[in-house]
Amino acid sequence: MENIQSLRGMKDIKEQEGELFNYFISNASQIASRYGFSYLETPILEETALFKRSVGESSDIVGKEMYQFIDKGENDVCLRPEGTAGVVRMFIQNKLDRAGGTRKYFYYGPMFRYERPQKGRLREFHQFGCESFGEASVYEDANIILMISEILKSVGIGYKLLINSLGCKECMPPYKAHLVTHLKDLHLCEDCDRRIVTNPIRVLDCKNESCKVELQNAPKITHNLCGDCNTDFEELKNILDMNGVQYEVDTNLVRGLDYYTKTAFEFVSDEIGSQSAIAGGGRYDRLTEFLGGRATPAVGFAIGIERLLELVKMPHNSEEIIYIGSMCEGASKTVFSQVAKKRKTHKVLTDYKVRSFTKHNENAKKQNATVIALIGDNELTNGTIWVKNIQTNEEMNLPIGEF
Ligand code: HAM
């Protein structure tokens with residue numbers, strides 16, 4: 001019988017990568033808490049309509065990548081392809097849009113997109129995200145960008161920050177009309193021709209080389225912003241400059257989800273192949289209203305954890321890891337109670353089987369222990385424990401009470 005394998009594009013996060021995953025989540029959570037974000041869980045399964053209305057019918061995500069099905073109660077449901085829509089649904093459902101003030105949440109968990117798997121692109125992947133509600137100031141956009149930089153720096157990742165402004169309901173529609181007039185005369189790929197009708201700004205994002213050449217002289221959104229959006233974008237650049245955050249303005253950065261207004265950004269790395277975006281986000285001031293709530297300015301981002309883990313180097317572990325083992329039947333109970341004692345303050349590894357000195361030493365090294373402690377017949381008789389520091393090779397026999 002053939003063994004059952006995991007589904008294509010879905011992977012186990014295990015061993016060293018599991019440790020890294022855990023390390024990243026606790027680091028990023030601490031930083032998000034310091035920035036005033038509180039932890040939030042929303043369901044992985046939501047009504048399909050939520051994503052259609054927020055991420056947008058014209059997006060690739062809704063158009064072709066959703067894990068959508070009819071459940072046993074005939075509900076049209078979907079495994080979440082991203083986190084923002086569920087957070088906004090939660091915000092409105094709990095009437096937080098009517099409570100006033102600012103609210104900030106962070107979350108992490110699995111997202112599902114039926115894409116063609118390749119390096120850095122999975123069908124089940126994990127995001128760490130933050131959403132901030134009620135703050136219209138561009139200082140919050142800058143604050144969030146600063147937070148992402150801090151999170152990425154905390155795990156030693158190099159990146160490039162790309163920013164753009166996608167305008168608002170005043171300046172985006174006339175810009176789109178202007179863009180469409182320009183695009184109609186160009187020779188573009190089939191996807192672009194379709195997008196001219198569904199969402200023309202997505203044409204700017206086309207990766208096709210011949211389209212890129214055709215699009216060189218396309219009108220730029222940053223030249224077509226209204227007064228308010230222009231002031232905000234200039235202010236954002238100013239704040240980033242003043243705080244030593246380096247960035248590039250990329251007028252072709254339009255994002256793959258339809259809900260953005262004003263600030264949009266991506267953190268990219270050239271070390272992970274063609275799927276270069278490690279994190280993305282921006283402002284979505286109209287989404288709460290669009291989903292039936294009271295108009296609430298909002299801004300957020302999500303980091304792709306698997307892409308990030310490809311770049312993280314495990315920090316040198318200075319933690320003491322103690323391996324304790326028994327070399328004779330009579331010592332097993334003493335070993336067990338020493339393990340319980342040491343575990344209160346240290347990471348402790350053990351092996352319940354009675355093993356030879358050599359075997360225990362091999363085991364301890366394989367598991368990266370820094371200290372090995374063994375009890376055999378002699379130690380048992382003398383009430384001692386043999387202890388060796390694996391890094392310095394220093395060894396001694398200690399009275400058991402002093403261990
Ligand atoms: P997104 O750009 O679609 O934005 O995804 C954010 C990050 O998730 C990407 O930069 C990438 O690192 C990772 N990612 C996306 N798709 C995949 C995939 N198939 N495999 C592996 N990693 C992937 C959002 O999802 C928005 N909800 C972000 C946001 C929050 N905007 C405002 N608030």
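In the predicted model, a polar side-chain atom of Y260 is placed 2.6 Å from a nitrogen atom of the ligand. Two glutamates make similar approaches: a polar side-chain atom of E115 lies 2.7 Å from a ligand nitrogen, and one of E131 lies 2.8 Å from a ligand nitrogen. The protein buries 96% of the 660 Å² that the ligand exposes when taken alone. The surrounding shell comprises 26 residues, of which E82, E115, L122, E131 and Y260 come nearest. By class, this shell contains eleven nonpolar, eight polar and seven charged residues. Strands β6 (124-133), β10 (277-283) and β11 (298-304) each contribute at least two residues to the shell. The greatest contribution is that of β10, which supplies six residues.

E115 is located in the loop that connects β5 (103-112) to β6. With a relative accessibility of 18%, E115 counts as buried, because the limit for that class is under 20%. The side chain of E115 also forms a polar contact of 3.5 Å with the side chain of R121. Beyond its neighbours within four places in sequence, E115 is in contact with E65, R121 and R123. The side chain of E115 is thus described both by its polar approach to the ligand and by its polar contact with R121.

The strands that contribute to the shell belong to an open sheet of eight strands with mixed pairing, in the order β1-β5-β6-β11-β10-β9-β7-β8. The edges of this sheet are formed by β1 (38-39) and β8, each of which pairs on one side only. Strands of a sheet pair through backbone hydrogen bonds, in either a parallel or an antiparallel sense. In the case of β9 and β10, the pairing is antiparallel and extends over six bridges. Within this pairing, F265 has G281 of β10 as its bridge partner.

F301 is a residue of strand β11. Its relative accessibility is 2%, and F301 therefore counts as buried. The C-alpha atoms of F301 and E131 are 6.8 Å apart in space, although the two residues are separated by 170 positions in sequence. When residues up to four places away in sequence are not counted, F301 touches Y107, F128, G129, C130, E131, I144, M147, I148, I151, F265, G280 and G281. These contacts include E131, whose side chain approaches a ligand nitrogen, as well as the bridge partners F265 and G281.

D285 lies in the loop between β10 and α10. A polar atom of the D285 side chain is 3.1 Å from the backbone nitrogen of A298. Apart from neighbours within four places in sequence, D285 is in contact with T261, K262, T296, P297 and A298.

Helix α4 (residues 84-93) is largely enclosed by the rest of the structure, because eight of its ten residues are buried. The buried positions are T84, A85, G86, V87, V88, M90, F91 and I92. These residues pack against β2 (45-47), α2 (48-54), β5, β6 and α10 (287-290). The packing partners of α4 thus include β6, which is also one of the strands supplying the ligand shell. The helix is followed by K95, which has a positive phi near 55°.

Positive phi values also occur at two further residues that are not glycine. In E15, phi is near 50°. This residue lies in helix α1 (residues 15-34), and its relative accessible area of 66% makes E15 exposed. In R255, phi is positive at about 70°. R255 is situated in the loop between β8 (248-249) and β9 (261-268). Unlike the exposed E15, R255 is buried, with a relative accessible area of 11%.

Terms used. Residues numbered from 1 in each chain as written. Predicted model: local features only at pLDDT ≥ 70, side-chain atom pairs only at ≥ 80, totals over all residues. Heavy atoms only, no water. Near = heavy atom within 4 Å. Polar contact = N/O pair within 3.5 Å; in protein donor to acceptor, adjacent residues only side chain to side chain. Areas by Shrake-Rupley, 256 points an atom, 1.4 Å probe, with all protein chains shown as cover. Helix = DSSP H or I, 4+ residues; strand = E, 2+ residues; numbered from the N terminus. Nonpolar A, V, L, I, M, F, W, Y, C, P; charged D, E, K, R; others polar. Buried < 20%, exposed > 50% of the residue type's maximum accessible area, 1.4 Å probe, protein only. Contact = heavy atoms within 4.5 Å. Pairing = 2+ DSSP bridges.
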